[in-house]
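Trainee: Could you take me closely through one part of this model, the pockets and what lines them, and then carry on to the charged pairs and the surface? I would like one connected account rather than a list.

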Amino acid sequence: MKACVLKLVRDTYTLKSTVGKLYVNDVFFCHTLEDVVRGEGIKIKAHTAIPSGVYKVDLSISHRFKRIMPMIYTEDNRYEIKLGGIGFKGVRFHGGNTHKNTEGCPLVAYNRLSDDLIQGTAEKELTAKLKEFNEIRLIVTNTPQES
């Protein structure tokens, strides 16, 4: 069985978004942009990043986007997240540019233009890379923001 560890390391927090880096087996892959990281147990629907922690990832067809995409989950139904006292459904890595494109999902892109803007989707390449693995884990870490 070929396993993969994705690491999403968050490093910049604004009033609108959270920016970080995604690593595939400890190799930098792309930048990420998510909604705001909130305190444990606090969620504002479509405006909150998933909690830091460990997740499973599978590739599955998105009925919304009509393509195979990475799904992030904790529950046996392979669709839901229940962690940190809150729940999410249908969280996927996908392309986008700002917090308005996230709805709780991590956006993936090659270029970080500012603390609230990324560009150049990495979704297709990430999905292709993840097809090489039978088991995929995601570790999300909130690091202190540099001043």
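Mentor: Three strands each give at least two residues to the lining of the largest pocket, namely strand S4 (53-62), strand S7 (86-89) and strand S8 (91-92). The model is a predicted one, and everything that follows should be read with that in mind. The largest pocket itself has a volume of about 550 Å³, and among the 23 residues that line it, Arg64, Lys89, Gly90, Glu103 and Cys105 are the closest to its centre. In chemical character the lining of this pocket is mixed, since its residues divide into eight nonpolar, eight polar and seven charged.

The second largest pocket holds about 180 Å³ of space. Its lining consists of 15 residues, and those nearest the centre of this second pocket are Arg38, Gly39, Glu40, Pro51 and Ser52. When the lining of the second largest pocket is sorted by type, seven residues are nonpolar, six are polar and two are charged. As for how such spaces come to light, rolling a probe the size of a water molecule over the atoms shows where empty space is left.

From the pockets we can turn to the charged pairs. Side chains of opposite charge can pair when their charged atoms come close. A search of the whole structure finds 10 salt bridges, and one group of them deserves to be followed residue by residue: Asp11, Lys21, Arg112 and Asp115 are linked in a network of salt bridges. Start with Asp11 and Lys21, which form a salt bridge whose closest N and O atoms are 3.1 Å apart. This pair links distant parts of the chain, with Asp11 in strand S1 (residues 3-13) and Lys21 in strand S2 (residues 18-24), 10 residues apart. Asp11 counts as buried because its relative accessible area is 17%, under the 20% limit for that class, whereas Lys21, at a relative accessible area of 25%, is partly exposed.

Asp11 also takes part in a salt bridge with Arg112, where the closest N and O atoms are 3.5 Å apart. Here too distant parts of the chain are linked, since Arg112 belongs to strand S9 (residues 107-114) and Asp11 to strand S1, 101 residues apart. Arg112 has a relative accessibility of 28% and therefore counts as partly exposed. The network continues from Arg112 to Asp115, in a salt bridge whose closest N and O atoms are 2.8 Å apart, and Asp115 is likewise partly exposed, with a relative accessible area of 36%.

Between the strands that carry Asp11 and Lys21 there is a loop, and Leu15 lies in this loop between S1 and S2. With a relative accessible area of 87%, Leu15 is exposed, because the exposed class begins over 50%. To place Leu15 in the fold, one can compare its position with that of Ile81: the two are 66 residues apart along the chain, and their C-alpha atoms are separated by 24 Å.

The surface also has a nonpolar patch, formed by Val5, Val54 and Ile139, which together have about 200 Å² of accessible area. Of these residues, Ile139 is found in strand S11 (residues 135-142), and its relative accessibility of 30% is why Ile139 counts as partly exposed.

Conventions
Residues are numbered from 1 along each chain as its sequence is written. This is a predicted model: local features need pLDDT of at least 70, side-chain atom pairs count only at pLDDT 80 or more; totals for chains, interfaces and linings use all residues. Side-chain values use heavy atoms; hydrogens and water are left out. Patches are made of residues with over 30% relative accessible area and no salt bridge: like charges are joined within 9 Å, nonpolar side chains (Val, Leu, Ile, Met, Phe, Trp, Tyr) within 5 Å. Accessible areas come from the Shrake-Rupley method with a 1.4 Å probe; for residues, only the protein chains shown count as cover. A salt bridge is a side-chain nitrogen of Lys or Arg within 4 Å of a carboxyl oxygen of Asp or Glu. Helices (H or I, at least four residues) and strands (E, at least two) are DSSP runs, numbered from the N terminus. Buried means under 20% relative accessible area, exposed over 50%, partly exposed in between (1.4 Å probe, protein chains only). On a 1 Å grid over the protein atoms alone, a cavity is a set of points where a 1.4 Å probe fits but cannot get out, and a pocket is an open set with protein on both sides within 12 Å along at least five of seven lines; lining residues have an atom within 4 Å of a point. Grid points are joined across faces, edges and corners, and a volume is the space filled by probe spheres set on the points. Ala, Val, Leu, Ile, Met, Phe, Trp, Tyr, Cys and Pro count as nonpolar, Asp, Glu, Lys and Arg as charged, and the others, Gly among them, as polar.
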